[in-house]
Structure formats: structure tokens, C-alpha cells
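Please look at the model below. The text after it goes through a pair of helices and then a sheet.

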Amino acid sequence: MNHLRPINRKAAALARARLDQPGAARALMLVDTPYGCSTQFAPGWEVDSSGGTYGLCQPIERDLYDCYHSCYWPAQVPDSLTNFPSWTKTCGSPVQDWSQVDLVFP
Amino acid sequence: MLACRAKPASEHSSAPQPDAGAIDTAANAPEQVAAPPAPSSEAPVAAAPSAPRAQGGRRDDATGEASGEPKSPGENAEAKDRPGIPVTDPLVRSKCTVCHYPQEGGKLSRISYLRKTPEAWELSLKRMVRLHQLQITPDEAREVVRYLSDNHGLTRGEAELALHEVERRVHWSDAKEDKELRDSCGDCHTLGRVASERRDAEEWKQLKATHMAFFPLARGQAFRGDGDGGGAGVDFASMTEAEIDEWREQRRRNPGKDQADRVLERLAKERPLFTPEWSSVQANWRPAPMEGLWIVSGHDVGRGDLRGTLEVTAQNGGGYTTRWSLNYEDGASVERTGKAVFYAGHSWRGRSQSSAGPQPAELREVLLLSEDWQSMRGRLFAGEYNELGIDVQLERAVSAPQVDCAPNAALLVPGAGQTLEVLARGLSNVPAAAEFSLGQGVSVRAVERAGPERLRLTVDVAPGARQGARVLTFGAQRAATQVVVHDTLDYIKITPEKGLARIGGKLRPPQLERFEALGMNRGADGELYTADDFFVKFVPARWSLEEFPVREDDDDVKFVGAIDAASGTFTPGLDGPNPARKWSNNNVGEVYVRARVTLRVPQIPEPPKKDKKSKPDTSLPTPPAGPFEVVEKEFTARAPLLVMVPIYVDWDRYVWDQR
């Protein structure tokens with residue numbers, strides 16, 4: 001912070017705050033979006049916008065239910081809305097039990 | 001962690017289930033309950049303009065009259081002037097009229113305005129079973145697919161444009177296609193699916209509605225559903241709030257055309273239901289005789305070229321039995337037997353089995369008959385993602401002698417007394433050398449027998465003979481494959497240029513990748529890596545993996561899998577999170593595949609350097625005449641390999657032999 005100067009009231013309050021004191025900071029919301037989850041079709045299912053895998057959601061099991069429930073990749077992941085409403089019945093947590101979900105054969 | 005329950009329900013089992021896979025689980029699927037007959041009513045079907053085809057070339061005299069079909073007077077009136085293809089098969093009518101309304105002229109709603117490949121019809125039928133409670137037995141489903149593929153199928157020319165899709169090629173790019181088409185359709189699936197269908201304008205329009213109903217997110221994702229720019233260019237800053245609200249309301253009522261609308265309008269013009277070619281095919285249709293012997297040449301990645309025969313026998317009641325006899329470059333001989341179905345007068349679909357040697361136990365066959373009925377080309381394939389393919393070309397066996405070059409044939413220039421193995425059918429005597437020709441600068445000096453259907457030619461290649469591929473002729477016969485005349489190998493190249501694999505082994509088997517090294521010549525311009533360089537022959541390589549660094553401390557190479565040093569076959573790592581990796585990443589990543597080749601090749605002297613001050617010389621350099629000293633050389637090349645995540649839907653599960 002030594003090299004930064006607050007330019008509005010909120011930043012000034014933050015600069016005055018003693019964040020190292022217990023209770024000074026409180027988390028109001030935890031974002032549960034998985035690391036690397038894409039909000040656009042580029043990156044694609046297999047590759048990120050650079051053509052590699054580095055920018056993808058990893059591991060894929062972290063994002064699998066989001067893809068499933070939002071029908072985001074209907075050609076790659078079963079969709080919950082139309083075709084495969086009970087795909088994840090057998091598996092509560094894909095990161096733990098990923099091998100319990102199974103392939104679908106349309 | 002929630003406990004995992006017992007085995008999944010029907011639509012997500014680890015094996016095709018009777019309900020979802022009714023079409024391709026013929027033998028073991030339990031009997032399905034046929035649809036109950038609808039209440040009796042007058043058949044609203046007029047006589048069909050043309051009777052449909054039945055398998056085996058019989059004309060089907062069915063009029064399409066079926067009792068108990070529901071009527072929809074409104075739709076009838078609407079469809080009166082809409083040209084469509086009548087559906088006259090009693091089975092198809094009885095199954096489909098549960099939902100699809102009969103219309104004037106023997107038409108059925110939606111079905112009469114579509115033409116598709118057998119694979120696309122099969123997908124449609126599976127969707128009807130999955131989503132619309134179609135009750136159908138496997139035998140009935142096969143017959144419905146057969147009828148629709150024959151009578152509502154693609155023409156040969158159209159099927160050729162969609163051939164890569166049904167061949168299930170892994171290495172295929174849609175990059176050359178129109179950008180809006182790629183964005184609207186290719187974001188989710190291959191454009192081959194689009195190429196697999198022809199529709200009338202109304203049906204193309206309804207395709208969007210179907211997608212939006214099934215996959216609502218498609219509107220914003222792939223279809224760019226903002227319509228005509230989404231407000232781009234509107235000067236909101238100078239508008240009042242009321243004006244902006246008014247603009248929004250107008251826009252809501254009349255959103256304009258989005259990207260998908262524009263694409264579908266173009267498809268309606270470019271890929272209509274009726275074309276002159278389609279009319280001509282209908283008028284000229286007759287059964288193509290497929291029985292008999294076919295001469296096979298092909299290439300199996302990693303194992304080299306193959307030659308052989310396919311014997312086709314017609315079955316009673318339709319379909320064919322097959323016997324493949326294949327001889328590999330490595331000396332292995334394989335016999336495969338199987339069954340096949342021939343659709344729409346041009347599309348061969350089969351499946352063969354073999355228990356011998358390092359062969360896939362089952363190979364699926366997708367072949368396209370040529371316009372003149374004399375040849376077929378296509379792909380034999382296996383693998384979880386259909387990635388293990390053999391490209392094949394088949395020529396109909398004729399009574400005249402037929403010759404072909406043995407696999408990987410190449411001749412050095414200059415060179416006296418080189419041998420060239422030739423496969424020869426129907427030649428009881430050893431023919432004279434003068435009957436063979438390889439063009440200018442190459443002369444056949446002698447011929448001897450090297451086996452029952454094999455000859456060995458002694459060939460002289462004169463200094464200065466033009467390099468490149470040559471066609472071997474024997475009298476009026478031309479060999480199907482070529483022999484490459486070259487002075488040396490200048491470098492090696494790896495195929496495929498970019499490897500693709502998918503992790504697997506637990507949830508789903510992996511997608512393998514196979515690499516080969518190609519010996520290349522620098523071509524007539526004398527420069528390496530230019531457009532005129534030509535492929536000479538496949539060369540044996542030693543294979544290894546290297547890191548493809550895209551980030552600091554990149555460590556993909558430790559996890560993605562392993563390549564077989566001798567065969568060039570890459571096997572990816574297991575699927576699922578890997579606790580040994582940062583963030584428990586999957587075993588995905590990018591690596592390089594390295595090929596090393598040691599060969600004894602002629603050393604070509606460096607061409608004299610051009611004098612920059614003199615006038616530019618536009619003529620091609622004269623190749624040195626030789627003979628050249630043969631030296632041992634080390635060649636190396638590398639290609640990127642992408643190891644990807646699995647796909648969780650197996651859209652392409654077909655069991656052809658059970659059709």
C-alpha cells in the first residue's frame with residue numbers, strides 16, 4: 001500500500017482500516033464459481049482461447065454439474081433439461097465420486 | 001460427501017440400454033411393446049406420386065394406406081401446396097403417425113420435408129424413443145431407418161460432402177466453412193451434422209425452434225440471439241428514458257434476425273429438399289450390384305499400407321455378408337468376416353470381426369460407391385472415439401489382369417537394377433517387360449515371378465529422370481497406387497501434424513493417437529519446407545515425448561501419458577482428478593511428440609549459391625545427375641500433441657452389423 005494513494009472514500013476507509021486486527025475483515029460472500037470456469041464458448045470444451053488446456057476449468061469434474069444443470073455443453077455433457085434429467089442421481093459430489101456418473105448413450 | 005447410490009437409471013448406463021438404444025441392440029434387447037392401434041378412421045392418404053424403394057432393389061407397391069391414422073384438417077390445408085416426399089411404408093406410417101400428422105399426397109408432417117443420412121435418421125429415431133415414448137422393436141427400428149435412408153436419403157454427391165462425418169474422422173477441420181455457420185452450429189457439434197441433412201425452407205426454420213426448446217442457452221451462445229446487432233450503433237446517450245424504453249419494447253416485439261436466422265436462410269437456399277440431382281437420382285434409380293470381388297488398397301496408421309480383397313455375397317432378405325482378406329506391409333495376413341447394409345444406392349455400412357493377430361476385434365465400415373459403380377472409398381475404424389482408422393480404396397475386380405504397386409513403393413534416381421514389387425491378378429504367365437511402363441526416364445528391364453500373385457520388376461532409372469509420383473501401367477491397366485521417384489530423403493515430417501488424445505480408462509476408455517514419420521523430398525525448387533516438397537515413403541522412427549512449455553514449471557509431460565517408442569502409439573493417462581497434480585488437475589496438457597529416424601540416404605551436393613548481383617534466375621535449378629554417395633543420416637521432427645478431457649455423451653455408438 002506504500003505506493004498506492006486512495007482516490008475515493010471507500011479506498012481511504014480501506015487504507016485506514018487495520019486489517020491485521022482480528023475481526024476487522026469479514027467475508028460476506030464466497031464465490032463458488034469453479035476456478036477457470038468459462039463464461040463464453042471460447043474457450044471451447046477441449047481447449048482454451050490459446051488452443052491449449054491451461055485456461056480450462058480444472059479438474060473438469062469441478063465444473064461438470066454446472067455444465068450439466070445449465071445445459072452449457074449439450075453435445076459434450078448430458079443436459080439436465082431435456083435429454084438426461086437423472087444423469088447425476090448416482091453421484092452427489094463429482095469431485096469425490098466422479099467415477100459414479102456414467103456415460104450416456106443417446 | 002453424499003453417498004453414491006446404486007447403478008444408474010436406464011438412460012445413463014455403462015452399456016447401451018434397450019430403451020435408448022433400441023436400434024442397435026437387436027439380439028439381446030427385450031421385446032418392446034408396439035404402439036397401440038389408434039382409433040379406426042378413414043385413411044386420409046392419397047396415392048403416392050412415386051412408389052418407394054424396398055431393400056434389394058424391389059419396388060415397394062405399398063400405397064401407404066394405413067387405417068387408424070389421426071387427421072389434422074388444418075395441417076392438411078396448410079400442406080396442400082407444400083412439396084414433400086410421400087411416406088408410403090405401412091410400418092413407418094403406423095409408428096410415426098402416432099405424432100406426425102398425415103397430410104395430402106401421402107405426406108407426413110415434418111418427415112416428408114427432410115432428407116438425411118442413415119446416421120442422422122438413426123439419431124432422430126433414438127430421440128423419438130428417448131423423448132417421445134416411441135414404442136418400437138429393434139427389428140422395426142432397423143426397417144424404419146432403412147426405408148427412410150433409401151427414400152428420404154441424400155444423393156451420392158450430397159453424401160460425399162457429409163462422408164467425413166459418417167466416417168467418424170477425428171482429424172477433420174471445419175475451418176474453411178463460413179464463419180456464421182461455424183459459430184451457429186459448430187460451437188456445439190461438427191458441421192458434418194448439418195451436411196448430413198437436406199430440408200425445405202420451413203424445416204430449416206424449425207430446426208432453430210427445436211434447438212431453442214431443447215437447449216435454451218443456445219439462443220445466446222451459438223445463435224447470438226441479439227438480432228441485428230443488439231443495439232450497436234444506437235445513440236442511447238441522446239435518448240430520454242422513455243425513448244429507450246420504447247426502443248426496448250419495439251425490439252422485444254420485433255427482435256430482427258439473429259445469426260442463426262441468417263444461417264438457416266442461406267441453408268434453405270443452398271441445401272434444399274428438392275434439387276435437380278435428387279430428381280435425376282429418383283428417375284434413374286436401380287439397385288447397384290454389389291456382389292462379387294473387390295480389390296482393396298489402404299493404409300493403417302502405424303502398420304503401413306495394406307492390400308487385399310473383399311468378397312461380397314448377398315443375403316436372403318437384404319444385406320450382405322463379407323469376407324475381407326488383408327495383407328499388411330509387415331507381412332501379416334488377416335481374414336475378417338462380417339455383414340453389411342447398402343443404403344440409398346451409394347452408402348455402404350458394415351462391420352467385420354477377426355480374432356487373429358494384433359487386429360481390432362471389430363472394425364466398422366463406411367464406404368461410398370463411386371458414380372460409375374466401379375470403386376468405393378471410405379474408412380474402416382475402431383476405438384472408443386472411432387480414432388483408429390484405416391483409409392481404404394476398393395476397385396471392382398474385373399476379368400482382365402490387374403496390377404498394383406506393392407506398399408510404400410519408391411525408386412531412386414539415378415539407379416540401375418532396382419527392384420519393384422508388383423501385385424498382379426489374373427496373370428498366369430510372366431509377361432514381357434515391355435508391357436509395363438513407368439513413364440519417361442524409367443525403364444523396366446526384366447520381370448520375374450515373386451509369388452502366386454506377385455511379380456518382381458527390375459527397373460533402371462536414368463540420371464535426370466523427373467522426380468515425383470509415377471503411375472505404373474500394364475497394357476491398358478493402371479495401378480491404383482503410385483511409385484515415387486526421388487533422389488534422396490531430405491527431411492521427415494510427422495503425421496498427424498497435430499495429435500489429439502483424450503484421457504480415459506476409468507469412466508470411459510481413452511482416445512489413443514497414432515503417429516507416423518513421412519520421408520520427404522525437397523521438390524523441384526530445391527528448397528526445404530516449400531509447397532512443392534513431396535512425400536516419398538513412410539520411414540520407421542523412434543518416438544518420445546517432450547514438454548510443450550506454456551507456463552512456468554510446466555509439467556504436463558509427467559502426467560499426460562506415454563508413447564510407444566517403436567510404434568508411435570500414444571496412450572493417454574487416466575481420467576479423473578489427479579491428486580498428484582496442482583489443484584488435482586486432470587492428466588490433460590500439451591506436449592511435443594519427437595520422432596528420430598536413422599537412415600542411409602544418398603548425399604546430394606549443395607547447389608551452387610546464386611550471385612545476388614546478377615539478374616534473378618526464374619528457371620528451376622537443374623538437379624545434380626549423380627550417382628551420389630550414400631551416407632547415414634539422423635533425421636528428427638516434432639509435432640504438438642493435445643491431451644484433452646473426455647466427452648460424456650457417446651453420440652456415435654452404432655452397431656451396424658445388427659441392423
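**Two helices and a sheet**

Helix 9 of chain B and helix 11 of chain B run roughly antiparallel to each other, a label for angles over 145 degrees. This is a predicted model, in which local features need pLDDT of at least 70, side-chain atom pairs count only at pLDDT 80 or more, and totals for chains, interfaces and linings use all residues. Residues are numbered from 1 along each chain as its sequence is written, chains are lettered from A and ligands numbered from 1 in the order in which they are written, and side-chain values use heavy atoms, without hydrogens and water.

Helix 9 covers residues 201-214 and helix 11 residues 259-270 of chain B; they pack at an angle of about 155°, and their axes are 9 Å apart. Helices (H or I, at least four residues) and strands (E, at least two) are DSSP runs, numbered from the N terminus. Axes are lines fitted to C-alpha atoms, for helices over the stretch in contact, and angles run from 0 to 180 degrees between N-to-C directions. On the helix 9 side, the contact (heavy atoms within 4.5 Å) is made by Ala201(B), Trp204(B), Lys205(B), Leu207(B) and Lys208(B), and on the helix 11 side by Ala260(B), Asp261(B), Leu264(B), Leu267(B) and Ala268(B).

Elsewhere in chain B, four strands form an open sheet in the order 13-15-18-17, with antiparallel pairing; strands pair if DSSP finds at least two bridges between them. Strand 13 (402-405) and strand 17 (442-451) of chain B are the edge strands, each pairing on one side only. Strand 17 pairs with strand 18 (residues 454-461) of chain B over eight bridges, in the antiparallel sense. Within this pairing, Val447(B) stands opposite Leu457(B) of strand 18.

Definitions and conventions:
Angles under 35 degrees count as roughly parallel, over 145 as roughly antiparallel, 65 to 115 as roughly perpendicular and the rest as oblique.
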